[in-house]
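Thank you all for making the time this morning. I would like to walk you through one structure, going from a single helix out to the cores and then to a few individual side chains.

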Amino acid sequence: MAATMTAAKIIPEELAPRTFLCSRQQLAKKLFTKEDPLFLHKIFGLFALLSFVYRYGYVAVRFNTLGFTDGKWGDSLTMLGHLGLSASSMIFHVLLRRIMSKPMIIWKEYRAHAIIFTMRCVSVYAFAQLWPVLCPSLVGTTVERVALPVLVLAHHMAADEATRRLGPEDPTQTTVRTDGNSGVWTKRVLRFYSFYQFAALGSHLLPHARLADMGFNTLIAIQSSAFLMTLFRKGLIRYYSHGVWYAGCLVLSLYHMHLAMASEGGAAAAQWFWCKVLAAFALRVKYGWSKYAIWSAFVLVSMPAVEAVLLETVQAVAGFVSVATVIGHLSSLRFTMPHVAMPEMPSMTMPELSMPELSMPQLSMPDMTMSMPDLGISDHLPALQLPSLPSADTVGEWTYASAELLPSSVGGVDISGRMWVAIFIVIATAAAVPARRWKELISVARM
């Protein structure tokens, strides 16, 4: 026995066998601690887990929504239960600062952000339910489209204050930003996490019929991350399990964002939303613009009047026709031989030839005129009209259903395939050009 104890002591920690399987007593010992003697956090956590299963596994499958549009009392209790889960985490002792070598262990700044962003979700839900009741005459107006972003961005100002008080001196260690030392896959995963944050915020800034659903929709990203980080710290899951489950929650949430944006304006409205989110993401990640400036521009561009003018301007600037549009033109037009103008031949002078004058006898022909009786059928024959080709000035306005690769309208403004190509080219170009090169071009333009 002594030999066994001695042998056990000399085994290095990194060589000691590790297992994530444990008995029921060990599992209870890991999950239930003395810091939560009333099991308050555990009760809220179980409630949140059942809430996600019910909303995404039953309501979404059956009704294609998350079920928060009716404003029932059960919906409000659900949101308060999720808020209670985040607030009750304050009873636990966590790290004062983030450990960069162990990023999946909760620290104070992360906990503060989780509470603030959960409050943001509850505020968005409350706005969607109370604004039509308290301000019915302002529904759908510019006042509503300004009041909602002000409410949402106020939570981000609170998060910035939490970072100032609890965050490290190095600002790159406070979020999911990458650095030059990160691997390729790590950068891609963290970029995806960062993009989700932009999409989540964008879905909270625009008033629409399913805004209450969007308030709940982003809770799964906030609270699943904290739950998985707790399981990892307790040794119940591995790091890659956290990544797989968390990424799955983000994809599920993104899918419901797409459904919500397409619920009013169709697929075209959803695609336009993703274009704006991609533009905001590129401006922040590639060029380091202020997030408040970016989201203020996002709200301004999303105003119906500004959006209509912008789409018409982009459509006018896009002076090219995509290959799919050309194929659609050719498939919808009949074959017609074009008019070919022959080159003018040089004039030739022929010599005058004198011919003898010949006189022909005059012959009188009888009148051969015949009159056909009117049968009265001309009124019943349809008028025949030959198709005409459009002029060269109107080629840019041709649209055919066979060439429509994307929906052709957003908010009543016609959008052709070439416009979507132009939008994606602009975004791809902005994302591909390094910030240093853009600064050089701007400095040259100012000279």
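Let me begin with a term, since I will lean on it throughout: a residue is called buried when its relative accessible area is under 20%. Please also keep in mind that what you see is a predicted model.

With that cut-off, buried residues make up 33% of the 447 residues in the protein chain, and the secondary structure of that chain comes to 15 helices and two strands. Of the contacts with a separation of 6 or more, 75% are between residues 24 or more positions apart.

Now to helix α4, residues 73-87, where the buried positions are Asp 75, Thr 78, Met 79, Gly 81, His 82, Leu 83, Gly 84, Leu 85 and Ser 86. What lies over them? The cover for these buried residues includes α3, α5, α8 and α9. As a check on the geometry, the 15 residues of α4 should span 21 Å at 1.5 Å a residue, because the expected span counts one less than the number of residues, and the end C-alpha atoms of α4 are indeed 21 Å apart.

Turning to the cores, the largest nonpolar core has 40 residues, and Met 257 and Trp 295 are those with the most contacts inside it. The elements giving two or more residues to this core are α5, α6, α7, α8, α9, α10 and α11, with the largest share, twelve residues, coming from α10. If we set aside residues up to four places away in sequence, Trp 295 touches Leu 153, Phe 198, Leu 201, Gly 202, Leu 205 and Ala 280. There is also a second, separate core of 19 residues, which includes Tyr 56, Ala 212, Phe 216 and Ile 222.

One charged side chain deserves a moment. Lys 234 sits in the loop between α9 and α10, and although Lys 234 is buried, this lysine has no salt bridge, the nearest side chain of opposite charge being Glu 35, 6.4 Å away. Leaving out residues up to four places away in sequence, Lys 234 touches Lys 30 and Thr 33.

Finally, the cysteines: how many disulfides does the structure hold? The structure holds zero. Cys 249 has a relative accessible area of 15%, which is under 20%, and therefore counts as buried; Cys 275, at 3%, is buried because that value also falls under 20%.

Notes:
Residues are numbered from 1 along each chain as its sequence is written. This is a predicted model: local features need pLDDT of at least 70, side-chain atom pairs count only at pLDDT 80 or more; totals for chains, interfaces and linings use all residues. Side-chain values use heavy atoms; hydrogens and water are left out. A disulfide is a pair of cysteine sulfur atoms within 2.5 Å. Buried means under 20% relative accessible area, exposed over 50%, partly exposed in between (1.4 Å probe, protein chains only). Helices (H or I, at least four residues) and strands (E, at least two) are DSSP runs, numbered from the N terminus. Lys and Arg count as positive and Asp and Glu as negative; His and the chain ends are not counted. A salt bridge is a side-chain nitrogen of Lys or Arg within 4 Å of a carboxyl oxygen of Asp or Glu. Contact means heavy atoms within 4.5 Å. A nonpolar core is a set of buried Ala, Val, Leu, Ile, Met, Phe, Trp, Tyr and Cys residues joined through side-chain atoms within 4.5 Å.
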